[in-house]
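Visitor: I'd like a close look at one part of this model, with the rest brought in as it connects. Could you start with a charged pair and work outward from there?

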Amino acid sequence: MYIMYQIPPTPMSTAITMSIQLLTVTVIFFLTLPFLLLIINKNSKSRKSSASNVLPKRYPIIGSYFAVKSNLSNRVQWITQILHNCPTATYTLHHVLGYRQIFTANPENVRHILKTRFSNYPKGSFFTSVFFDFLGNGIFNVDGESWKFERQVSSHEFNTKSLRKFVETIVDTELHDRLIPMLSGAASDKTVLDLQDVLQRFAFDNVCKIAFGHDPACLLPSLPQTEFADAFEVATQLSSERFRAPILIFWKIKRFFNVGSEKCLKIAISRVRDFAKKIVREKKQELAGKSSLESVDLLSRFLNSGHSDEDFATDIVISFILAGRDTTSAALTWFFWLIYKHPEVEYEILKEIKEKSDMPVYEEVKDMVYVHASLCESMRLYPPVPTDGKLAMEDDVLPDGTVVKKGTLVTYAPYAMGRMEKIWGSDWSMFKPERWLERDEAGKWRFVGRDPYTYPVFQAGPRICLGKEMAFLQMKRVVAGILRRFKVVSATEDDGFQPVFLAYLTAKMKGGFPIKVERSSRFMD
C-alpha cells in the first residue's frame, strides 16, 4: 500500500514556546551552577584521592557534566574504559537535569534492544530531531510504518541482480579509471597522499553514481573541491556535534537564533538538499520521456516504481549517500593502516589475491575469505559506526538487570564490544584475521562469522544494514585492485605513531592517513 509522504508542520507558535522553555531551563542551570561549583571545590581533595576510579563523578542537577565535557574529544574511548570496568559491560551515565543515558557492550543486551524488544527501542524523537534538518524522513531517520514502507521499497531494490551488477560496474570503473591511475602517479612522483581523503572521494563518487546517477568527479587528479561534497561533509560533522554537546538543549537554542555552528549547518544542509532536489527533478524529466528504464541507479528505480514524491526521493537518496559515503572509506582507511603495521597479514592477503584474475568476477570476490576475515577484524577494532542509540518507549529491564525508564536513550557500542576480553579473549587487542577462520577438510580457509549481536558493526535484527554485501563487494575489489599493484606505506616519520580514532556519525582518522605508494613487483613472476 502506498503511504503518503509528508513533512510535519512546525508552526511559529510552537517554535516560540519551545524557545521560551529552553531559555528558562538555561537560566535555571546557570543560576544554580555557582553553588554547584562551590560544592565540587569543597570535595576536590576526595575527588583526587579516588582518581583511579574510572567511573565518572556525578553531582545534583548537573550529573556527570564535567566528566562528559572533559572527554568530548575522546568520548568513545572514555565510554569504552568505563564499560571495561562494569561487571556486565553496561553503565548508566547521568546528564544535566536528571537525563540518563545507558551505554552497553553486552551482547545479550544488544540482542534484547535490536531484536527481542525491537518495537520498544526505535530511533526515537531524540535521534530524529537531531537529524531531521539533514535527513528529513529518510529511512535512517524514521520509525514505525514509515520505516517499514521505506525498508520494504529499499529491500526489494537491493536484492535485484541488476543493481548488484550496476554496483560492480561503477566500482570497477572508478577503481581502474581514477583510483589506480592516481596511486600510480603518486608512486612515480614519490608524492604523499592522504589515503583517507582519497578513499572518501572514491566512495563519494561511487555512492552518488549508485544513488542517483550523478558523477561529482571528486577523484580527479587535481582533487577538486566540489560544493555538494563539501556541504555534505559539513552537514554530517555539524549534525553529529549536536549529539556531542554536553548540554543537549544548546544546539536548539543556537538553531532558533540562527547563530554559530547551527547557522553553518543550515547553510550546508540547504546546499545539499537544493542540489539533491535539482537532481531529482532532472531525473523525473528524463524518465518522463522514456518508455523503459535505461538508468539503473537507485533514484531511477524508486521514481520508476511510482514513488515520485520529491521530498521522499530526496530524503531517501541523502540517507543512502550518508550510509555509503563514509562507512566504506573509514573501514578501508583503518584496514590499510593495520596491514601496513602487520606485514604477515598482508602476505596472506597477497597469496589469496594472486589466485584471482586482474578484474575478479563476483564469485571470485566472494571467495576471498582471508580478505573478508581481515576486513571483519579491522572493523572489529575500528568500526565505521562506533556507537548507535535507541530510545526506550516504555519501562523495561535489560537481560543483565539494568533498569530502563521510559524516554531513556540506550546506546550500544560496537567500538567497545570489539575490545571486550569476555567476547574476544585475552588477545582482543591483536589484529588477528585468523580468529574469523578455520581450516576445512582440504586444508583451505573457511570463514566463520560471529552472530550480529556480538559483532553489530552492520547493526542487527530488523534494521540490519541492507548494503552489507555491497559494502564487502566494494571493499574487496578496492583491496585486490590496490595491493595487486602497490604497497601502501605510512608517510609518518615516527615509527611509533598511533593514529587517533575520531567518532562523528562515522569514524575518522584524526589528521588523515598520509601515505607513500610503492609499485609492487609481487605479481610480476
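Guide: Sure. Arg325 and Asp326 are both buried. They form a salt bridge with each other, and the closest N and O atoms are 2.5 Å apart. Keep in mind that this is a predicted model, so every number here is computed from its coordinates.

That pair is one entry in a longer list, as the structure holds 36 salt bridges. Another one joins Asp205 to Arg178, with 3.1 Å between the closest N and O atoms. Here the partners come from distant parts of the chain: Asp205 sits in helix H9 and Arg178 in helix H8 (residues 161-189), 27 residues apart. Asp205 has 0% relative accessibility, so it counts as buried. Arg178 has a relative accessible area of 17%, and because the cut-off for buried is under 20%, Arg178 is buried as well. The two don't stand alone, either: Glu174, Arg178, Asp205, Lys209 and Asp215 are linked in a network of salt bridges.

For a contrast in exposure, try Glu310 and Arg281, whose side chains meet in a salt bridge at 3.2 Å, N to O. This pair also links distant parts of the chain, with Glu310 in helix H14 and Arg281 in helix H12, 29 residues apart. Glu310 has a relative accessible area of 23%, so it counts as partly exposed. Arg281 is partly exposed too, because its relative accessibility is 41%.

Arg281 brings us to H12 itself, and that helix allows a quick sanity check on geometry. H12 covers residues 260-288, which makes 29 residues; at 1.5 Å a residue it should span 42 Å, and its end C-alpha atoms are 43 Å apart, so the two values agree. Now look at which side chains are covered. In H12, the buried residues are Glu262, Leu265, Ala268, Ile269, Val272, Arg273, Ala276, Ile279, Val280, Lys283 and Leu287. What do they pack against? The buried residues of H12 pack against helix H6 (124-135), helix H9 (195-212), helix H10 (227-244), helix H11 (250-257), helix H13 (298-304) and helix H14 (310-341). Two of those names have come up already: H9 carries Asp205, and H14 carries Glu310.

H11 deserves a stop of its own. Trp251 has its place in this helix. With 4% relative accessibility, Trp251 counts as buried, because the cut-off is under 20%. Leaving out residues up to four places away in sequence, Trp251 touches Ser129, Val130, Arg242 and Glu262. Glu262 is one of the buried residues of H12, so you can follow that contact straight from one helix to the other if you cite the packing by the 4.5 Å heavy-atom rule. Trp251 and Ser261 are ten residues apart in sequence, and their C-alpha atoms are 8.3 Å apart in space.

Phe257 lies in H11 too, but its surroundings read differently on the accessibility scale. Phe257 counts as partly exposed because its relative accessibility is 47%. Together with Phe256 and Val259, Phe257 makes a nonpolar surface patch of about 260 Å².

Strands next. An open sheet is formed by three strands in the order E3-E13-E10, with antiparallel pairing. Its edge strands are strand E3 (193-194) and strand E10 (486-490), each of which pairs on one side only. E10 and strand E13 (residues 514-519) run antiparallel and are joined by five bridges. If you want a register to check, Ser490 stands opposite Ile515 in E13.

Elsewhere, Thr92 lies in strand E1 (residues 90-94). Its relative accessible area is 24%, so Thr92 is partly exposed. Not counting residues up to four places away in sequence, Thr92 touches Arg100, Gln101, Ile102 and Thr402. Thr92 and Thr104 are twelve residues apart in sequence and 8.8 Å apart in space, C-alpha to C-alpha.

Finally, zoom out to the whole chain. There are 20 helices and 13 strands in it. Of its 525 residues, 52% count as buried. Among contacts with a separation of 6 or more, 74% come from residues 24 or more positions apart. The chain exposes about 24,000 Å², and carbon and sulfur atoms supply 56% of that area.

Definitions and conventions: Residues numbered from 1 in each chain as written. Predicted model: local features only at pLDDT ≥ 70, side-chain atom pairs only at ≥ 80, totals over all residues. Heavy atoms only, no water. Helix = DSSP H or I, 4+ residues; strand = E, 2+ residues; numbered from the N terminus. Expected span 1.5 Å × (residues − 1). Buried < 20%, exposed > 50% of the residue type's maximum accessible area, 1.4 Å probe, protein only. Areas by Shrake-Rupley, 256 points an atom, 1.4 Å probe, with all protein chains shown as cover. Pairing = 2+ DSSP bridges. Patch = residues over 30% accessible without salt bridge, like charges linked within 9 Å, V, L, I, M, F, W, Y side chains within 5 Å. Salt bridge = Lys/Arg side-chain N within 4 Å of Asp/Glu carboxyl O.
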